[in-house]
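Please examine the model below alongside its sequence. The paragraphs that follow lead from one side chain and its contacts to a sheet, and then to a residue in a strand.

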Amino acid sequence: MIWVLEQEEPLLLAELKPGRPHQFDWKSSCETWSVAFSPDGSWFAWSQGHCIVKLIPWPLEEQFIPKGFEAKSRSSKNETKGRGSPKEKTLDCGQIVWGLAFSPWPSPPSRKLWARHHPQVPDVSCLVLATGLNDGQIKIWEVQTGLLLLNLSGHQDVVRDLSFTPSGSLILVSASRDKTLRIWDLNKHGKQIQVLSGHLQWVYCCSISPDCSMLCSAAGEKSVFLWSMRSYTLIRKLEGHQSSVVSCDFSPDSALLVTASYDTNVIMWDPYTGERLRSLHHTQVDPAMDDSDVHISSLRSVCFSPEGLYLATVADDRLLRIWALELKTPIAFAPMTNGLCCTFFPHGGVIATGTRDGHVQFWTAPRVLSSLKHLCRKALRSFLTTYQVLALPIPKKMKEFLTYRTF
């Protein structure tokens, strides 16, 4: 049983727009391709187009929040003051920004990361933001000061997505249109430690499992690749989509993987066995739309909620959908135009979405009290693989529940 604490229909909390007006000769550079919350929920990053990234302290300033909304998921004003009243920052990346990723908090960078830029600064923990750029460069910024720390070179085309290992080791994975993924160690001056090849098309998305054992990559292909984060070798290909896969995400306990495709389907996989557990089909819900457009429900983004009970998806049919893990149809819809990406606030209650117009929107999300059964499953699956669960001397129904096979 899941206890829902708030309304399920997503309501628009706030919308942020670029500070610069759109220019006719900049049509392809104003999109919000990526949005991200820092893992501790204290910062929000927004690639707002025009080569600019906005770093915004969270919670948002009161003028952005409509009256009547008490954002229970937001940190208190006292906590914000305790961090030294951080200020909004503008990072000029010099190139169109496609990918964003915060390091885990706190992260322990070695003095090598700071040596060339801040030799006088002691070896302290800091939060960094990685930005993937149009020219193949990756720039690493120190969030608290907005200073550029490192510039990583190696990719030959757009860096489309970025992902840090959740363990705090400052290992960064980048996905590029040059059809490769690259592994970087920010504790060693941003040294490139591995290049992963095998994709035949642009790599759109990369996601590291919360237990840091697996990496999923999605390219303009019908299959997705699962890699070992220990040996940096290919574990398996997951095949089942009928068109390009553009987004992927692991559940918080690493037991599930979801992939979203232009074929209008989200597939839920067991990443350990490669088994396809469920498909979520995005049917057209607005009869006024043109039935002749076969791409009307093409998916753009999928993500898990922080407790692992919900999914959010953004599609070209102008809808944000929220799905309960155990149901085959969405539990809620919200109208949004030209959506490109989505992510949950790490403490729940809010979803951020980015649009082709360069805007970012914040929506209410279901806030739930997880059942004791789910909490136990999540705790066990955080360190047990599917095969280890199946080997346990427990009843079959319990094994099915622990391996998410009771849908």
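In this predicted model, the side chains of His155 and Arg182 are joined by a polar contact of 3.2 Å. The side chain of His155 also takes part in a polar contact of 2.7 Å with the side chain of Ser174. His155 itself is found in the loop that runs between strand 10 (147-152) and strand 11 (159-164). Is this loop residue, His155, buried or exposed? Its relative accessibility is 4%, and because buried means under 20% relative accessible area, His155 counts as buried. Apart from neighbours within four places in sequence, the residues in contact with His155 include Asp135, Gly136, Ile138, Asp178 and Trp184. Ser174 and Arg182 are also among the contacts of His155.

Attention may now turn to a sheet. Strands 23, 24, 25 and 26 form an open sheet of 4 strands in the order 23-24-25-26, with antiparallel pairing. Strand 23 (299-304) and strand 26 (332-335) are the edge strands, each of which pairs on one side only. From one strand to the next, the twist averages 15°. Within this sheet, strand 24 (residues 310-315) and strand 25 (residues 319-324) run antiparallel and are joined by 6 bridges. Thr313 has Arg321, in strand 25, as its bridge partner.

A further residue to consider is Thr364, which lies in strand 29 (residues 360-364). Thr364 is buried, its relative accessible area being 5%. A polar atom of the Thr364 side chain lies 2.7 Å from the backbone nitrogen of Leu11.

Definitions and conventions
Residues are numbered from 1 along each chain as its sequence is written. This is a predicted model: local features need pLDDT of at least 70, side-chain atom pairs count only at pLDDT 80 or more; totals for chains, interfaces and linings use all residues. Side-chain values use heavy atoms; hydrogens and water are left out. Helices (H or I, at least four residues) and strands (E, at least two) are DSSP runs, numbered from the N terminus. Buried means under 20% relative accessible area, exposed over 50%, partly exposed in between (1.4 Å probe, protein chains only). A polar contact is a pair of N or O atoms within 3.5 Å; within protein, one must be able to donate a hydrogen and the other to accept it, and residues adjacent in sequence count only if both atoms are side-chain atoms. Contact means heavy atoms within 4.5 Å. Two strands pair if DSSP finds at least two bridges between them. Axes are lines fitted to C-alpha atoms, for helices over the stretch in contact, and angles run from 0 to 180 degrees between N-to-C directions.
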